[in-house]
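This report describes how parts of one protein chain are arranged, moving from a pair of helices to the nonpolar cores and then to some individual residues.

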Amino acid sequence: MNFELTEQQKESKIRFRQFVDKYIVPNASAYDRSEQTPIELIKAIAQEGYLGALVGEKMDPLTWGVLCEEIGHASGSLVSLLTVHSMVIQALAKWGTAEQKNQWLPYLETGKIIAGFGLTEVKTGSDARNAQTTAVKDGESYILNGQKKWISFGQVANLFLILAQVEGKATAFLVEREREGFSTTPIKNMLGFRSAMLASLEMNNCRIPASNMVGRIGFGFSHVAGTALDQGRYCIAWGCLGLAQGCVDASLAYSTERKQFGVSLKEHQLIQELVADMVTQTQAARMLCYHAAYLREIKDPSVIMETSMAKYFASRVALKVASDAVQIHGANGCSDAYPVERHFRDAKIMEIIEGSNQMQQIIISRYAYK
């Protein structure tokens with residue numbers, strides 16, 4: 001297994017960083033304060049081909065991971081845009097009918113339609129298999145009732161993949177924003193991911209055609225959502241890596257410039273200890289992400305478990321490294337004038353989304369016992 005990027009992947013990485021430095025880095029803190037991501041930025045990401053890069057596998061797994069890493073380097077919130085959009089793409093690509101693929105994938109590829117993933121509910125967070133949203137058959141339609149919460153980019157998404165119960169069996173449906181009985185409510189004042197435009201979704205006798213079912217009745221969680229969550233965890237793992245690397249880079253720059261007791265911070269051994277741990281842990285997370293990318297490339301069945309390990313470890317690393325970065329910055333690290341403050345808040349969210357770290361521990365331990 002080669003951990004070196006190919007020349008083409010290196011060129012892609014440079015192009016990703018240039019885009020991030022131009023469009024995201026200068027404004028990430030402002031987006032965080034305003035709790036929104038401008039539509040113009042989403043369009044710019046789409047025009048670069050980043051949103052639809054997985055349609056038709058135009059981008060290999062490692063290059064996609066590097067893209068998530070580079071965006072995570074600047075903004076954890078924006079990683080969630082790539083995450084949820086690609087989750088729906090992958091679920092449709094694997095489980096959608098030919099008609100569904102022909103109808104939706106071209107629009108998802110170009111970003112003319114933004115996708116959202118409606119799984120989590122107020123009373124069933126980690127217990128997503130037992131979601132309380134219901135779908136009842138009525139002729140050639142299904143009528144949905146229920147609520148979803150904490151939906152990334154739910155304020156602007158046009159198409160949602162919703163998990164609902166059909167006669168007690170988890171089933172996945174596509175729900176368009178314009179459907180009568182469907183509405184969204186913005187969620188504000190979150191600890192992190194403030195510019196991820198989180199929303200609650202409500203379906204009140206929302207009628208959709210039966211052809212909007214993805215997969216079969218009972219396949220919603222085990223198959224459709226399973227595919228989506230595996231994709232989501234892969235994106236988040238790489239985003240955590242980028243966030244951690246962003247904190248390392250910021251800390252190296254700050255400890256070089258900042259002076260205490262007559263010398264720069266980097267001359268103090270306790271700072272060196274923090275930096276050494278940050279660099280080592282980030283590199284370890286990188287190796288797990290690269291390994292998951294390799295397994296994805298060769299379509300090894302163990303990739304699902306290895307992706308869970310990468311997400312679990314990288315999210316823990318992201319929070320620890322972000323915490324140490326704040327410590328190195330001192331009081332400045334608690335100010336939104338420095339990006340590590342935002343990275344620290346976003347890193348905590350990374351430990352919760354796409355399956356909390358406690359759920360990952362359960363999954364990983366069960367795998368170990370097998």
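## Helix packing, cores and single residues

In this predicted model, helix H5 passes helix H6 in a left-handed crossing. On the H5 side the contact is made by His85, Val88, Ile89, Leu92 and Ala93, while H6 contributes Gln100, Lys101, Trp104, Leu105 and Leu108. By residue class, the contact of H5 with H6 divides into seven nonpolar, two polar and one charged. The axes of H5, which covers residues 76–95, and H6, which covers residues 98–110, come within 10 Å and cross at roughly 155°. Because angles over 145 degrees count as roughly antiparallel, H5 and H6 are described as roughly antiparallel to each other.

The largest nonpolar core has 90 residues, and the members that touch the most other members are Ile24, Ile45, Trp64, Leu82, Leu144 and Trp238. Helix H7, spanning residues 220–257, gives the most to this core, with 13 residues. A second core, separate from the largest, has 26 residues, including Leu105, Ala172, Val214 and Phe221. As general background, nonpolar side chains in soluble globular proteins tend to be buried together.

Trp64 can be followed further through its contacts. When its neighbours within four places in sequence are left aside, tryptophan 64 is in contact with Tyr50, Ala53, Leu54, Met59, Leu82 and Ser86, and also with Gln231, Tyr234 and Cys235.

Aspartate 230 also lies in helix H7. Its relative accessibility is 12%, and because buried means under 20%, aspartate 230 counts as buried. Again leaving aside neighbours within four places in sequence, aspartate 230 is in contact with Arg296, Val303, Ile304 and Thr307.

Two further residues have a positive phi although neither is a glycine, namely tryptophan 150, where phi is near 65°, and phenylalanine 261, where phi is about 55°. Tryptophan 150 is found in strand S3, which covers residues 141–151, whereas phenylalanine 261 lies in the loop between strand S9 (259–260) and strand S10 (263–264).

The table sets out the accessibility of the three residues discussed individually by value and class.

| Residue | Relative accessibility | Class |
|---|---|---|
| Aspartate 230 | 12% | buried |
| Tryptophan 150 | 40% | partly exposed |
| Phenylalanine 261 | 78% | exposed |

Since exposed means over 50% relative accessible area, phenylalanine 261 at 78% is placed in the exposed class, while tryptophan 150 at 40% is placed in the partly exposed class.

How values were computed. Residues are numbered from 1 along each chain as its sequence is written. This is a predicted model: local features need pLDDT of at least 70, side-chain atom pairs count only at pLDDT 80 or more; totals for chains, interfaces and linings use all residues. Side-chain values use heavy atoms; hydrogens and water are left out. A nonpolar core is a set of buried Ala, Val, Leu, Ile, Met, Phe, Trp, Tyr and Cys residues joined through side-chain atoms within 4.5 Å. Buried means under 20% relative accessible area, exposed over 50%, partly exposed in between (1.4 Å probe, protein chains only). Helices (H or I, at least four residues) and strands (E, at least two) are DSSP runs, numbered from the N terminus. Contact means heavy atoms within 4.5 Å. Axes are lines fitted to C-alpha atoms, for helices over the stretch in contact, and angles run from 0 to 180 degrees between N-to-C directions. Angles under 35 degrees count as roughly parallel, over 145 as roughly antiparallel, 65 to 115 as roughly perpendicular and the rest as oblique. A crossing is left-handed if the near helix is turned anticlockwise from the far one by less than a right angle, and right-handed if clockwise. Ala, Val, Leu, Ile, Met, Phe, Trp, Tyr, Cys and Pro count as nonpolar, Asp, Glu, Lys and Arg as charged, and the others, Gly among them, as polar.
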